Every structure is written in C-alpha cells, then in structure tokens.
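Ready for a few short exercises on reading a protein model? Try each task by yourself with the viewer open, then compare your steps with the worked solution.

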Amino acid sequence: VSQGVKNTFQMLGAIGVMMYFSPTLTTVIAFILPPVAVFGGVYGRYVRKLSQQVQDALANKATIAEERLGNIRTVKAFGHEANEGLYAKTVNHVFTLSKNMVIFNACYVASLHISGYFTLYSIVWAGSLLVAANDLSPGMLFSFMLYTVYCGIGITGVTNLVSEVNKGYGASIRMFDIIDKAEKIAEEDA
C-alpha cells in the first residue's frame with residue numbers, strides 16, 4: 001500500500017509539473033494514455049479470471065493426487081496402473097494455464113514498454129516543433145521529458161500494484177468459497 005501511495009503521489013506530482021512546463025505536451029500525453037489504461041483494465045480482469053482457473057486446477061490436481069495415492073493398492077491389485085493417466089493430464093492443464101498467464105503478462109509488459117517509448121518519441125517530436133516555433137526552450141523540453149519518465153515510473157508502479165491485487169483477489173475468491181461452504185455445512189449439522 002505504501003508503494004502505491006508513493007507511486008500515486010509521484011505520478012500526480014509529475015503531471016502537475018508537466019502541466020506547468022507545457023500544457024500542449026501534456027495534452028499529447030493525455031491522448032496516448034487512455035488506450036493504455038483500457039488495456040490495463042482488460043489485463044486486470046483477465047489475470048483475475050486466469051488466477052481463479054489456476055487455483056481451481058491446482059486444487060483439482062491435489063484432489064486427484066490424493067485419490068490416486070490413497071487407492072494405489074486397489075489399482076495395483078487389479079493391474080490398472082497404466083490407466084491412471086488423469087494426474088498427468090491435470091498437471092499438463094495447470095502447466096498450460098500457468099504458461100498462458102506468463103505469456104499474457106510478458107505481452108502486457110512489452111506493450112507497456114512500447115507505449116512508453118512511443119510516448120517519449122511523441123514528446124520529442126511535438127516538443128521539437130514547439131522549440132522550433134520558440135514556444136518552448138530546449139531546457140524546458142529536457143525537463144519535461146525527465147518528468148515524463150518520473151510520471152511513467154509512477155504509472156508503472158501503480159499498474160503493477162493493481163495487477164498484484166487482481167492476482168491475489170482472483171486466488172482468494174476460491175478460498176472464500178471454501179470458507180462459505182464450510183460455514184453452511186456447520187449450520188446444517190447444527
């Protein structure tokens with residue numbers, strides 16, 4: 001939470017200074033950020049859903065392992081060891097879900113980097129036009145770019161925090177479902 005607050009203040013402070021230096025360049029950035037924010041929201045929902053699926057698959061894998069290990073004597077007695085491939089299938093399912101999460105996360109981080117570079121190039125382009133028109137000094141453009149980087153660091157920190165919260169939320173939903181079921185069973189027994 002403290003990192004989230006620090007990153008939020010860093011981001012807002014940098015935006016304030018950027019508005020002071022050049023409202024025109026800040027407007028250029030304002031047109032670039034909404035698509036990134038929308039993509040971040042979609043990413044958060046997908047990560048939450050995928051975290052739930054991973055937790056469900058891990059629980060299913062543990063259940064199958066417990067059943068198979070608990071009944072191994074029965075399986076051996078009837079000579080059906082070769083038919084016990086369900087555990088391998090569940091492990092592969094967990095692996096596939098985890099791999100999808102890693103691939104999607106890598107694409108998300110790469111797109112953030114690309115949008116960050118695109119933002120910096122846009123600032124250099126628009127800023128050079130302002131410098132050529134004597135509306136902005138080269139030193140102010142350089143300062144603006146530094147504050148843009150500070151703002152980007154703050155945005156990245158807030159985005160990472162929200163992503164981690166979504167992962168935790170997605171994983172915790174199943175835990176709360178189990179707790180609720182345990183409470184219902186206890187109420188029925190009483």
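A note before we start: the model shown here is predicted.

**Exercise 1. A lysine and its distance partner**

Task: Find the helix that holds Lys49, and decide whether Lys49 is buried, partly exposed or exposed.

Solution:
- Step 1. Look along helix H2, where Lys49 is found.
- Step 2. Take the relative accessible area of Lys49, which is 47%. Exposed would need over 50% and buried under 20%, so Lys49 is partly exposed.
- Step 3. For a sense of scale, go from Lys49 to Tyr20: the two are 29 residues apart in sequence, and their C-alpha atoms are 41 Å apart in space.

**Exercise 2. Aromatic pairs**

Task: Work out how many aromatic pairs the structure holds, and describe the geometry of Tyr20 with Phe21 and of Tyr46 with Phe104.

Solution:
- Step 1. The total is 4 aromatic pairs.
- Step 2. In the pair of Tyr20 and Phe21, the ring centres are 6.0 Å apart and the planes meet at 50°, so this pair is tilted. Stacked would need planes under 30 degrees apart, and edge-to-face over 60.
- Step 3. Check the surroundings of Tyr20: a relative accessible area of 69% makes Tyr20 exposed.
- Step 4. Tyr46 and Phe104 also form a tilted pair, with 4.5 Å from centre to centre and 55° between the planes.
- Step 5. Place both rings. Tyr46 belongs to helix H2 (residues 23-70) and Phe104 to helix H4 (residues 86-132), so their pair ties together parts that are 58 residues apart in sequence.
- Step 6. Compare with the accessibility classes: Tyr46 is partly exposed at 31%, and Phe104 is partly exposed at 22%.
- Step 7. Finally, look for a cluster. One aromatic cluster is formed by Tyr20, Phe21, Tyr147 and Tyr150.

**Exercise 3. Two surface patches**

Task: Which residues make the nonpolar surface patch of about 460 Å², and which form the negative surface patch?

Solution:
- Step 1. The nonpolar patch consists of Phe142, Leu146, Val149, Tyr150 and Ile153.
- Step 2. Pick one member, Ile153, which lies in helix H5. Its relative accessible area of 45% makes Ile153 partly exposed.
- Step 3. The negative patch brings together Asp180, Glu183, Glu187, Glu188 and Asp189.
- Step 4. From this patch take Glu183, placed in helix H5 (residues 138-189). Glu183 is partly exposed, at 45% relative accessibility.
- Step 5. Helix H5 also holds Tyr169, a partly exposed residue at 44% relative accessibility. Between Tyr169 and Pro35, 134 residues apart along the chain, the C-alpha separation is 24 Å.

**Exercise 4. A backbone angle in a loop**

Task: Where is Asn134 found, and what is notable about its phi?

Solution:
- Step 1. Asn134 is in the loop between H4 and H5.
- Step 2. The phi of Asn134 is near 60°, a positive value in a residue other than glycine.
- Step 3. Asn134 counts as exposed, with 70% relative accessibility.

**Exercise 5. Across the model**

Task: What separates Ile15 from Thr63, in sequence and in space?

Solution:
- Step 1. Start in helix H1 (residues 2-21), where Ile15 is found.
- Step 2. Ile15 counts as partly exposed at 30% relative accessibility.
- Step 3. Ile15 and Thr63 are 48 residues apart in sequence, and 51 Å lie between their C-alpha atoms.

Conventions: Residues are numbered from 1 along each chain as its sequence is written. This is a predicted model: local features need pLDDT of at least 70, side-chain atom pairs count only at pLDDT 80 or more; totals for chains, interfaces and linings use all residues. Side-chain values use heavy atoms; hydrogens and water are left out. Rings of Phe, Tyr and Trp (its six-membered ring) pair if their centres lie within 6.5 Å; planes under 30 degrees apart count as stacked, over 60 as edge-to-face and the rest as tilted. Buried means under 20% relative accessible area, exposed over 50%, partly exposed in between (1.4 Å probe, protein chains only). Helices (H or I, at least four residues) and strands (E, at least two) are DSSP runs, numbered from the N terminus. Patches are made of residues with over 30% relative accessible area and no salt bridge: like charges are joined within 9 Å, nonpolar side chains (Val, Leu, Ile, Met, Phe, Trp, Tyr) within 5 Å. Accessible areas come from the Shrake-Rupley method with a 1.4 Å probe; for residues, only the protein chains shown count as cover. A salt bridge is a side-chain nitrogen of Lys or Arg within 4 Å of a carboxyl oxygen of Asp or Glu. Lys and Arg count as positive and Asp and Glu as negative; His and the chain ends are not counted. The place of a charge is taken as NZ of Lys, CZ of Arg, CG of Asp or CD of Glu.
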